[in-house]
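Here is a short tour of a protein model for the bench. Have the sequence and the 3D view open as you read.

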Amino acid sequence: KALLRIPEVWLVAAIIFCGYHVFLATYSFSGYLQEGGFGLSAAAAGFIVTVKLWLRPVGGIGGGFLGDRFSNTRVLFWSLVLAAASLVGMIALPGIGSSPILIGLLLLAGLLTYAIRGLYWAILDECGVPPEITGLAIGIISLVGYAPDTYLPIVNGIIVDRYPGIAGYQIYFGYVAVICVLGALATAGLMIRLKRKAAA
């Protein structure tokens, strides 16, 4: 009952839910590189995705540093917006046919993913959750936030089966980009609520 009366807790759950979509979408980057008509071999795609994985400490530490400097919610908001823009750019690129730009966008999306994952738990401290129920709050938020694990791979498989080749990846990334925008809106809502509380 105490948690139900704290809207910020549910906004955090929504933000994690949306941010986790971006993380899961990165698992499809290798296939997209190979099927996008960019002339990349499986070995080259694997190398690029490995480089993306090594961006974890850069994104996590960099996001935390910027969060401390400018506020966690603000940096999280812009990370989600830029992640959505990166995915939209990746969708549009096959028509342009530029491998270097695609690789740059892919690495940027990976970097932003790790920044998002590094920041979304930090915002819970600002939500006024009583210390005695913080563990319960984290459990409930995790249940909602990590729910994409249970269905997003299935959704991805259905889309790619129905629309083989690059079209399936484009539709899937488009869906994730929309979810990113919804996450940014939830973050903006949380920022507004926290500012009102601070002013009060």
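## The largest pocket

In this predicted model, the largest pocket is lined by 14 residues. Those nearest its centre are Leu66, Val75, Ser79, Leu112 and Ala115. The volume of this pocket comes to about 200 Å³.

Which helices build the lining? Helix H4 (56–70), H5 and helix H6 (99–119) each give at least two residues to the lining of the largest pocket. The largest share, six residues, comes from H4.

## Helix H4, one face in and one face out

H4 deserves a closer look. Its 15 residues should span 21 Å at 1.5 Å a residue, and its end C-alpha atoms are indeed 21 Å apart, so expectation and model agree.

The buried residues of H4 are all glycines: Gly59, Gly63 and Gly67. Looking down the axis of H4, you will find these buried residues within an arc of 60°, so they line one face of the helix. An α-helix has 3.6 residues a turn, so residues three or four places apart point the same way. On the face of H4 turned away from the buried side sit the exposed residues Ile61, Phe65, Asp68 and Arg69. Just after the helix, Ser71 follows H4 with a positive phi, near 105°.

## Ser86 in helix H5

Ser86 belongs to helix H5 (residues 72–96). Is Ser86 buried or exposed? With a relative accessible area of 2%, Ser86 is buried, because anything under 20% counts as buried. Leaving aside residues up to four places away in sequence, Ser86 touches Leu105, Leu108, Ala109 and Leu112. You have met Leu112 already, as one of the residues nearest the centre of the largest pocket.

## Helix H7 and its neighbours

Helix H7 (residues 134–145) has twelve residues. From its first C-alpha to its last, H7 reaches 16 Å, close to the 16 Å expected at 1.5 Å a residue.

Which residues of H7 are buried? They are Ala137, Ile141, Ser142 and Gly145. These residues cover an arc of only 130° around the axis, which puts them on the same side of H7. On the other side of H7, Gly135, Leu136 and Leu143 are exposed. Helix H1 (7–25) and helix H8 (148–162) are among what covers the buried residues of H7.

## Ile6, before helix H1

Ile6 lies in the segment before H1. Ile6 has a relative accessible area of 9% and is therefore buried.

What does Ile6 touch? Not counting residues up to four places away in sequence, Ile6 touches Cys127, Gly128, Val129 and Pro130. For a sense of how the chain folds back here, take Ile6 and Gly128: they are 122 residues apart in sequence, yet 8.0 Å apart in space, C-alpha to C-alpha.

## Cysteines without a partner

How many disulfides does the structure hold? It holds zero. Cys18 is in no disulfide, and the nearest cysteine sulfur to it, that of Cys180, is 7.7 Å away. Cys180 is likewise in no disulfide, with the sulfur of Cys18 as its nearest cysteine sulfur. A disulfide requires the two sulfur atoms to be within 2.5 Å, so the 7.7 Å between Cys18 and Cys180 does not qualify.

Both of these cysteines count as buried: Cys18 because its relative accessibility is 7%, and Cys180 because its relative accessibility is 0%.

Conventions:
Residues numbered from 1 in each chain as written. Predicted model: local features only at pLDDT ≥ 70, side-chain atom pairs only at ≥ 80, totals over all residues. Heavy atoms only, no water. Buried < 20%, exposed > 50% of the residue type's maximum accessible area, 1.4 Å probe, protein only. Helix = DSSP H or I, 4+ residues; strand = E, 2+ residues; numbered from the N terminus. Expected span 1.5 Å × (residues − 1). Arc of directions from axis to C-beta. Contact = heavy atoms within 4.5 Å. 1 Å grid on protein atoms, 1.4 Å probe; cavity = no way out; pocket = protein on both sides within 12 Å on 5 of 7 lines; lining within 4 Å. Points joined across faces, edges and corners; volume = space filled by probe spheres on them.
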